[in-house]
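Please consider how the terms used for a structure follow from their cut-offs. The questions below are set against the model shown here.

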Amino acid sequence: MPIELKDLTIPVWIYDIDNYCIHWANQPALELWESNSLSELCSRDFKQDNSQAVEARVREYQRAFLESNVSFYENWHFVPKGVPKSVFCQFSGYVLDNNRMALLIQGMPTAKLGHDLQVNLTAMLSDYTVEGRLISGNPPFLNAMGRRVAHLQDMILSPAVLKTIYRSLSQSGRYEDDVLMEGVNGEHWYHLIAANVQDDTGQEKILLHQYDIHRRKMSEINLAKEVLTDSLTGLLNRRGLDKRLAEFAAGEANFDFFYIDLDGFKIINDSFGHGVGDQVLQTVADRLLDNSPDNSAVCRFGGDEFVVVVPIHLKSMDDAVVDKDALADQLVKVLSNSYYHDTQPMTLSASVGVAQYPQDTDDLTNIVLYADAAMYQAKRLGKHRWVNYTAGIEQVILRQGVIAQSLSRAQSRGELELYYQPIWEVSRDGSVNILSFEALLRWHNHDIPDVTTEEVIQVAESIGIINDIECWVVNQALTDLLYLRAHVSPNVTMSINVSAVHLREVRFPQCLSEALEDKGLSPQDLIIELTESALVENMADHNSVVRQLVEQGINISIDDFGTGYSSLAYLHQIPATTAKIDRSFVEQVESNTQPLRHIRSLIEAHGMKALVEGVETQEQKDKLLDCGITLQQGFFLGRPKPLDYYIKNKTTGNCEQ
Ligand code: C2E
Ligand code: MG
Ligand code: MG
């Protein structure tokens, strides 16, 4: 006997499989087996105590050890002299006389091991007739599965799984997988190994060997669920949607794809806080679930974008009753009903784009793009509506992608420039005076035709480079202001357009004052032009960037005045010095001056100056003067030009005309 086995402090014993007895044991093993001498232990007959399942398992070990030099690790239960013991065992082969293969077992009481290991490695053994009738089970098996199990089908409830097990056994003699089984504590996950074996008499039977993997399996399932769902709303996330789309396509289902974007969610989020914003998104999710047909996939695609996909199995007439247009109407309607914070109503609406698979495209990536493009079109047509995909509208989005790629390198390649358009004070006697220059961004790009500045700004906002670009604009414009003062007029100021996105940057006021100081300029030399919606969004916050700018002494001008949805309701809150009336009003002035007179009074009643942009003719200029509007800007008075133009021409105060 090898000396080292004897001296080990853990229980070690050798089990003679063929003679059902312990062949040798060290002192700790004697204690484990409740024996006071080796001869007593070796005289015990284990044939009576072993269930057939245990016997079969031990024979399996024997076969395995004859074939190769392997070890097995399992938790086993013994009941020596009526004392139950749970032992974590390592089984290896040990060759006795006559080349008989015995088991060398090294054990560690599982009380010393973690709970998980105890549960997970407990070998539950049972054997069955080839028809699936239970013959025997070891105690862990009977404890977990209960004594009512008489047949495999009593614990493997899924007929499909049972069928697969029988099929695998007949084809390869073996089955192995994770299986949901019914035990004394209800449904539970086990790792199941089933094998065809023969008993002593050569009779075929099935040996089952199962491990409790419930906790691991449940966390895997929950993880998989988490991976596929949105944690806020419980709807599918993008990955979950991809999976469902693939399933629909594999099942040869046609489907209608609704791409939904909320109109005005940002304002709610910024004015009421993210907590309220989250509640609104949850309500949106509930409304979508309540109004989508049962078999639909409902997904939060990101931020305030949602997707509903409704499969239509044309083979079954029952399923084909969903009317796409009616559902689109319904979605826009229910999502645009009021939302409440306490009792305060919050307004929100939805823009929806609809694409059909496979009529519009049979490509699962394109269907998203097409519905998105249709949604984008719904936004452009005024929001709060739905639009069907029509061929080609996705070009807008594709173009934005191309612009985005090129624009991200524009600044480092020196492709950006500023043009300056003068803002004049005009009077009836013909005297004119430049008050300010508006800095307008220009991108010199040679690859993409006809990119407008509006497109540039929109893409820069969406890819998150607007702040960088506008910082460059501020520095360049203030540097150029020094030249314009030297060459054109010593008191002109600089008007700079700022995006609503940039306004959310808390460091923005600080950056501006540093830039002004750097150039030796004062805050009064700068006018920031903001659209109504940017102002309203920002003013909701008491410590808003806009208020800080005003406190610093920087002037605010409301750009495109009259095009915002909320001008009257919010006008008194906006601390602007000037309102730039949108050029869409200028066209009307030739036939009717009344509207502009009213607008001017309204602006002045709020303590601001009225300025009109987009003046293109002498007649417009004169009619505006008739309305009492002396601050004017437009192609008639001067187009946007690069700095060099003003320096070379030494423009002093004369209109271009
Ligand atoms: P905006 O601030 O309202 O600027 C006026 C736009 O109208 C300019 O277009 C200008 O060239 C154009 N315009 C001026 N006078 C006339 C006229 O008499 N008739 C017509 N039809 N158009 C006239 P532009 O330069 O293409 O800029 C478009 C918009 O892009 C600007 O509208 C502004 O909102 C935005 N933008 C330009 N530069 C910047 C910038 O640095 N930052 C941000 N956020 N936006 C900018
Ligand atoms: Mg402007
Ligand atoms: Mg404007």
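**The metal site and selected residues**

D559 bridges the magnesium ion (ligand 2) and the magnesium ion (ligand 3), which lie 4.1 Å apart. This is a predicted model, in which local features need pLDDT of at least 70, side-chain atom pairs count only at pLDDT 80 or more, and totals for chains, interfaces and linings use all residues. Residues are numbered from 1 along each chain as its sequence is written, chains are lettered from A and ligands numbered from 1 in the order in which they are written, and side-chain values use heavy atoms, with hydrogens and water left out.

Q: What makes residues protein donors of the magnesium ion (ligand 2)?
A: Donors are N, O and S atoms within 2.8 Å of the metal (3.2 Å for Na, K and Ca); water is not among the atoms, so sites may look incomplete. E438 (OE), N497 (OD1), E529 (OE) and D559 (OD) lie 2.0 to 2.2 Å from the ion and therefore qualify.

Q: Why is E438 called buried or exposed?
A: Buried means under 20% relative accessible area, exposed over 50%, and partly exposed in between (1.4 Å probe, protein chains only). E438 has 4% relative accessibility, so E438 counts as buried.

Q: Why does N497 count as partly exposed?
A: The relative accessibility of N497 is 24%, so N497 is placed in the partly exposed class.

Q: How do you know that P345 touches S338, Y339 and Y340?
A: Contact means heavy atoms within 4.5 Å. P345 meets this with S338, Y339 and Y340, not counting residues up to four places away in sequence.
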